[in-house]
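Here are a few notes on the charged pairs, for when you have the model open. I've kept them short.

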Amino acid sequence: MTRSTRERIIDESLRLFAERGYSATSVAEIEAAAGLSPGAGGLYRHFKSKYEVLAAAINEHAARTRSQVAESMAALSAMEASVDLEERLSHICRAGLAKVREESELTRVFFRDLSQFPELVAVVRDGLLQPMFDAIVTWFQAQPEYHDVKLDWAGISTVLGGAVVHYRLFQETVGELPGHADKEQFVTAWVRLAVGLLPSPRPAPVS
């Protein structure tokens, strides 16, 4: 699908910010990467400043995350009747890993540059990270095996969601797999940990 000029500016700016840093990337470089004449002011037909491009990129990623989380939860709900718990856990773990990997450019920008923009840190926290953790809570509470089980789902989501985020962030920042565990090892261990944190599954209530 052909990207609009605005979309190209956002995509290429985030790539450049991730590669070079926000301060080291010029408006002219963004224009050139987006297929515009560098230095001709084409970016300013869509954005007032370089900062506005960064803010738009982060806000659009946050909006997309909320939509993706909703879609993933709907897909998981559709598969629950015919799939056992461990496979469902594996699916949600893999979805989380894929999402964090998808945000690799934004992750590099976050750690390198966003400390100077606390309002954008809040967008990442509330628009990208918290929805993922909230989705884990919602997912567990919706499983028939754990109907009416009273547990600290927020704490459990922090442990399990944090493990998924850390696995990908470690790769992004260090360049190696944490503990030298490959993806399949991680998913298997994550599922085992998830099951171990929970009480023995109870039979689904008879309707």
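1. First, the yardstick for exposure: buried means under 20% relative accessible area, exposed means over 50%, and partly exposed is what lies in between. By that scale E19, at 47% relative accessibility, is partly exposed. Do bear in mind that this is a predicted model.

2. E19 has a partner: R15 makes a salt bridge with it, with 3.2 Å between the closest N and O atoms. The two residues sit four apart in helix α1 (residues 5–20), so about one helical turn separates R15 and E19. R15 is partly exposed as well, with a relative accessible area of 26%.

3. Now for K99 and E103, whose side chains meet in a salt bridge at 2.6 Å, N to O. Buried or exposed, K99? K99 has a relative accessible area of 11%, and because the cut-off for buried is under 20%, it counts as buried. E103 is also buried, at 5% relative accessibility.

4. Then there's R125 with D126: their side chains form a salt bridge, 2.9 Å from N to O. Both ends are partly exposed, D126 with a relative accessible area of 45% and R125 with 43%.

5. Which residues do shared partners link up? R64, K99, E102 and E103 are joined into one network by salt bridges that have partners in common. So if you're looking at the K99–E103 pair, show R64 and E102 too, as they belong to that network.

6. For the overall tally, searching the whole structure turns up eleven salt bridges. Among them are R15 with E19, K99 with E103 and D126 with R125.

Terms used. Residues are numbered from 1 along each chain as its sequence is written. This is a predicted model: local features need pLDDT of at least 70, side-chain atom pairs count only at pLDDT 80 or more; totals for chains, interfaces and linings use all residues. Side-chain values use heavy atoms; hydrogens and water are left out. A salt bridge is a side-chain nitrogen of Lys or Arg within 4 Å of a carboxyl oxygen of Asp or Glu. Buried means under 20% relative accessible area, exposed over 50%, partly exposed in between (1.4 Å probe, protein chains only).
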